[in-house]
Each structure stands twice: as structure tokens, then as C-alpha cells.
Amino acid sequence: ILFVMTSVCCQTKTRCVEIDKSNIDQTLLEFATELSRKILMKQRNGTYYQFTEDEATRQMIEGLNQSLQESSYKKIKALFGDFRDLKFNSLWEPKDDSGMKIYRFKGDFESNTDTEIRTVLDKEGKLAGFFIKLWSEDL
């Protein structure tokens, strides 16, 4: 299951660089972590997460609406079971000057399948992409 609201040019590691954990902005990491958790917890509880303009791009607000969140979570649940939690794995940035930040989390779902929750923030620190997929060591 994939929520793609903004194109991110990191389809291969050659176009992105992993950021050393000591160089990660902890405030942005906390924001990405908590926002990802809130989105999935709301969906798990049968509701949806309503984004604000301070935390998400206009494209995400319009694209990841109530209807899409509800239908997507049904698919997520069918594949992986209910969401339980997530744990930060790594941060990647494109080598271009886009300012995007790609946060990769290991998802904890009922099925115990290795799952990635990928949260993309734009240069303003707003949610610009959100993906749920099988874990792969490659981007």
C-alpha cells in the first residue's frame, strides 16, 4: 500500500545519501515519528487523521483525505494486520537541492511482517509523502 503525494527522487541509493544519526535534527525526527504514529493510530481506531496546513502540504491534505485513509487502512489491515507501533530506522536525503527528508521506520503490525513506514517531509518540514510497504534494505 502506497500513499504517494509528492514525487521523491530516491528510488535508488545512488540518488540519495543516508544521514548519520548524530546529524539528524531531533525536532524534525520527533515530528515525523509522532505524525506517522497519529495517522496510523487514528486509522486503526476507525477514524482518520485530519491534517493542518502547518503539518502537511496542500497536496497531502487534499490527497490523503478521509475516504482514502479509510480505504487504504482496510488494505493495510488485510495485508499486515492492525498497526501497533513504529521504530525509527534511518533518514535519507536526495542529493539534489529539493530539501526533502525521507524518514524510514520499521512498522510493527499484527502479522509481524517486515514493514516500512516511509514519511517524507519537504524543505519546510511539512508532510509531503507517506508510504506503507514491505521492508527492503534499498530505498
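In this predicted model, the charged end of R104 perches over the ring of W135, at 4.2 Å from the ring centre. A second contact of this kind pairs R118 with F131: here the charged end of the arginine sits over the ring, 5.7 Å from its centre.

Turning to ring-on-ring contacts, the count comes to 5 aromatic pairs. Take F80 and F109: their ring centres are 5.7 Å apart and the planes meet at 50°, so this pair goes down as tilted, falling between the 30 and 60 degree cut-offs. F80 belongs to helix 3 (residues 66-80) and F109 to strand 4, so the pair ties together parts of the chain that are 29 residues apart in sequence. Both partners are tucked away: F80 has a relative accessibility of 5%, which counts as buried, and F109 is buried too, at 0%. With F83 added, F80 and F109 make up one aromatic cluster.

Another of the pairs is F88 with Y103, with ring centres 6.5 Å apart and planes at 55°, so this one is also tilted. The two rings link distant parts of the chain, F88 sitting in strand 3 and Y103 in strand 4, 15 residues apart. Their exposure is not alike: F88 has a relative accessible area of 22% and is therefore partly exposed, the cut-off for buried being under 20%, whereas Y103 is buried at 0%.

The strands carrying these rings are themselves paired. Strand 3 and strand 4 (residues 101-109) run antiparallel and are joined by 8 bridges, with L86 standing opposite G107 of strand 4. The hairpin they form has 6 residues between the strands, and G99 there adopts a positive phi near 80°. Strand 3 (residues 83-94) has a further antiparallel partner in strand 2 (residues 16-18), this time through 3 bridges. In that pairing, E18 faces W92 of strand 3.

Away from the strands, I61 is worth a look. This isoleucine lies in helix 2, which covers residues 58-63. Setting aside neighbours within four places in sequence, I61 is in contact with F51, T52, E53 and A56. There is also a long-range relation to A128: I61 and A128 are 67 residues apart along the sequence, yet their C-alpha atoms are 9.4 Å apart in space.

Conventions. Residues numbered from 1 in each chain as written. Predicted model: local features only at pLDDT ≥ 70, side-chain atom pairs only at ≥ 80, totals over all residues. Heavy atoms only, no water. Pairing = 2+ DSSP bridges. Helix = DSSP H or I, 4+ residues; strand = E, 2+ residues; numbered from the N terminus. Contact = heavy atoms within 4.5 Å. Phe/Tyr/Trp six-rings, centres within 6.5 Å; stacked < 30°, edge-to-face > 60°. Buried < 20%, exposed > 50% of the residue type's maximum accessible area, 1.4 Å probe, protein only. Lys NZ or Arg CZ within 6 Å of the ring centre and 35° of its normal.
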